[in-house]
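Have the model open and ready to rotate? Let's walk through it one piece at a time, beginning with a single side chain and working outward.

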Amino acid sequence: MKISVDEAKCCGGGQCVLLAPEVFDQRDEDGIVVLLDAEPPAPLHATVREAASVCPASAIELSENA
């Protein structure tokens, strides 16, 4: 799995950070989400999918084939 975050869409809600702090973080200055791990290990895939599904701005994109 490979993850990307569209910073232009991100509203800084932070739900992804709460669900998967091993993968996502927020910038202090504006709250925009940044990736800590763009290709997380398999045990985190379900959590990352859930984080993407609750993103209010649909800013998280997942590629399952990567």
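Start with His45, which sits in helix H2. Keep in mind that this is a predicted model. Is His45 buried or exposed? With a relative accessible area of 14%, His45 falls under the 20% cut-off, so it counts as buried. Setting aside residues up to four places away in sequence, His45 touches Met1 and Pro40.

Now look at the rest of the helix. His45 shares its buried status in H2 with Val48, Ala51 and Ala52. These residues cover an arc of only 120 degrees around the axis, which means they lie on the same side of H2. Turn to the other side of H2 and you'll find Ala46 and Ser53, both exposed. And what do the buried residues of H2 pack against? Their partners are S1, H1, strand S2 (24-26) and strand S4 (60-63).

That brings us to the core. In soluble globular proteins, nonpolar side chains tend to be buried together. Here, the largest nonpolar core has 18 residues, and the ones with the most contacts inside it are Ile3, Cys16, Val23, Phe24, Val33, Val48 and Ile60. Two or more residues each come from strand S1 (2-5), helix H1 (15-19) and helix H2 (45-54). H2 gives the largest share, 3 residues.

Val33 is a good one to click on next. Beyond its neighbours within four places in sequence, Val33 is in contact with Val5, Glu7, Cys10, Cys16, Val17, Phe24, Asp25 and Gln26.

Val33 also turns up in another part of the story, the empty space. Rolling a probe the size of a water molecule over the atoms shows where such space is left. Searching the whole structure this way turns up 1 cavity of 30 Å³ or more, with a volume of about 90 Å³. Its lining is made of 13 residues, and the closest to the centre are Cys10, Gly14, Cys16, Val33 and Cys55. Sorted by class, that lining has 9 nonpolar, 4 polar and no charged residues.

Last stop: Asp37, in the loop between strand S3 (33-35) and H2. Asp37 has a relative accessibility of 25%, so it counts as partly exposed. Leaving out neighbours within four places in sequence, Asp37 is in contact with Ile3, Glu22 and Val23; Ile3 and Val23 are among the core residues listed above. For a sense of distance, the C-alpha atoms of Asp37 and Ser63 are 14 Å apart, with these positions 26 residues apart along the chain counted as their separation.

Conventions:
Residues numbered from 1 in each chain as written. Predicted model: local features only at pLDDT ≥ 70, side-chain atom pairs only at ≥ 80, totals over all residues. Heavy atoms only, no water. 1 Å grid on protein atoms, 1.4 Å probe; cavity = no way out; pocket = protein on both sides within 12 Å on 5 of 7 lines; lining within 4 Å. Points joined across faces, edges and corners; volume = space filled by probe spheres on them. Nonpolar A, V, L, I, M, F, W, Y, C, P; charged D, E, K, R; others polar. Core = buried A, V, L, I, M, F, W, Y, C linked by side-chain atoms within 4.5 Å. Buried < 20%, exposed > 50% of the residue type's maximum accessible area, 1.4 Å probe, protein only. Helix = DSSP H or I, 4+ residues; strand = E, 2+ residues; numbered from the N terminus. Contact = heavy atoms within 4.5 Å. Arc of directions from axis to C-beta.
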